[in-house]
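Subject: A structure for you to look through

Hello,

Here is the structure I promised to pass on to you. Please open it beside this email and follow along at your own pace.

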Amino acid sequence: MKPRDTNSIRYPKETDDKIEKMAKALKRSKKELFCQMADYFYRSKKDPADPGDEMLKRELSSGISRILSFIRQQEKDFLLPLFTDIGNLKTISSMQIEILEGIGRDLLSESEKTAVLVKRSEQLINGIKHLLSKQKEKEMLKEQFSQLLDYYINQREEMGWTTAGTKKEELITHVRQAVKNL
């Protein structure tokens, strides 16, 4: 059986210093670090001499492209409809403001008209009350006149044809005075 550690590589002192620093930082031996580096480059197919590493650039570029396309899709799906809806809402709200202002003006003019109607209604009510009071006075006058007429008729009937003219004159004077007092 052949031992595994038979191969050796010669490299400059600066490279050895770098490998030693990396091994200490990663807490591994230089040999273990070297084997892991070889496995890494073998698996990833990366060229350590290529400082730009086109594969990494392509992966980053495709990742950035995916992120940008995701953001663009989000803008199409959510932001653009949202902005459109907000624009529509602004237009509708400005139209509603105009309508509400018009309604406010109409209500103000209607309240002024209502105030005039209320004032006229109060005048009509006062006029009707006055007419009712006059109507009551008229009814009372009719009642008093009817009583006076009844009194006159009764007194006249009692007098008969033989009664003196002075008594008749007294009755007429009394009735006239009563009518004046009404």
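Below is what I found in it, going from one part of the chain to the next.

Before anything else, please keep in mind that this is a predicted model.

**Two helices that cross**

A good place to begin is the pair α1 and α2. Helix α1 covers residues 13-26 and helix α2 covers residues 30-44. Two packed helices are described by the angle between their axes and the distance between the axes. Here the axes come within 9 Å and cross at roughly 95°. Angles from 65 to 115 degrees count as roughly perpendicular, and α1 and α2 are therefore roughly perpendicular to each other.

Which residues make the contact? From α1 they are Asp 16, Ile 19, Glu 20, Met 22, Ala 23 and Leu 26, and from α2 they are Lys 30, Leu 33 and Met 37. Sorted by character, six of these residues are nonpolar, three are charged and none is polar.

**Asp 16, a residue of that contact**

Try selecting Asp 16, which sits in helix α1. Is Asp 16 buried or exposed? Its relative accessibility is 14%, and the cut-off for buried is under 20%, so Asp 16 counts as buried. Leaving aside residues up to four places away in sequence, Asp 16 touches Tyr 11 and Lys 30. The side chains of Asp 16 and Tyr 11 are also joined by a polar contact of 3.3 Å.

**The loop between them**

Now move to Lys 27, in the loop between α1 and α2. With a relative accessible area of 76%, Lys 27 is exposed. Its backbone deserves a look too: phi of Lys 27 is positive, near 60°, in a residue other than glycine.

**Along α2 to its end**

How many residues does α2 have? There are 15, and from the first C-alpha to the last α2 reaches 21 Å, close to the 21 Å expected at 1.5 Å a residue. Ser 44 belongs to this helix and is buried, at a relative accessible area of 17%. A polar atom of the Ser 44 side chain lies 2.8 Å from the backbone oxygen of Tyr 40. After α2 comes Lys 45, which has a positive phi, near 60°.

**Ile 9, before α1**

Going back towards the start, you will find Ile 9 in the segment before α1. Ile 9 counts as exposed, at 53% relative accessibility. Try a distance here: the C-alpha atoms of Ile 9 and Pro 81 are separated by 64 Å, and these residues are 72 apart along the chain.

**Further along: α3 and α4**

Helix α3 runs over residues 54-159, and Ser 111 lies in it. Ser 111 is partly exposed, with a relative accessible area of 37%. What does the side chain of Ser 111 reach? It comes to 2.7 Å from the backbone oxygen of Leu 108.

Last stop is Arg 176, in helix α4, which spans residues 165-181. Arg 176 counts as exposed, at 60% relative accessibility. Arg 176 and Leu 148 are 28 residues apart in sequence, and their C-alpha atoms are 9.8 Å apart in space.

If you have time for one view, choose the crossing of α1 and α2 at roughly 95°, and find Asp 16 and Lys 30 in their contact.

Happy exploring, and best wishes

Note on methods
Residues numbered from 1 in each chain as written. Predicted model: local features only at pLDDT ≥ 70, side-chain atom pairs only at ≥ 80, totals over all residues. Heavy atoms only, no water. Axes fitted to C-alpha atoms, helices over the stretch in contact; angles between N-to-C directions. Helix = DSSP H or I, 4+ residues; strand = E, 2+ residues; numbered from the N terminus. Parallel < 35°, antiparallel > 145°, perpendicular 65-115°, else oblique. Contact = heavy atoms within 4.5 Å. Nonpolar A, V, L, I, M, F, W, Y, C, P; charged D, E, K, R; others polar. Expected span 1.5 Å × (residues − 1). Buried < 20%, exposed > 50% of the residue type's maximum accessible area, 1.4 Å probe, protein only. Polar contact = N/O pair within 3.5 Å; in protein donor to acceptor, adjacent residues only side chain to side chain.
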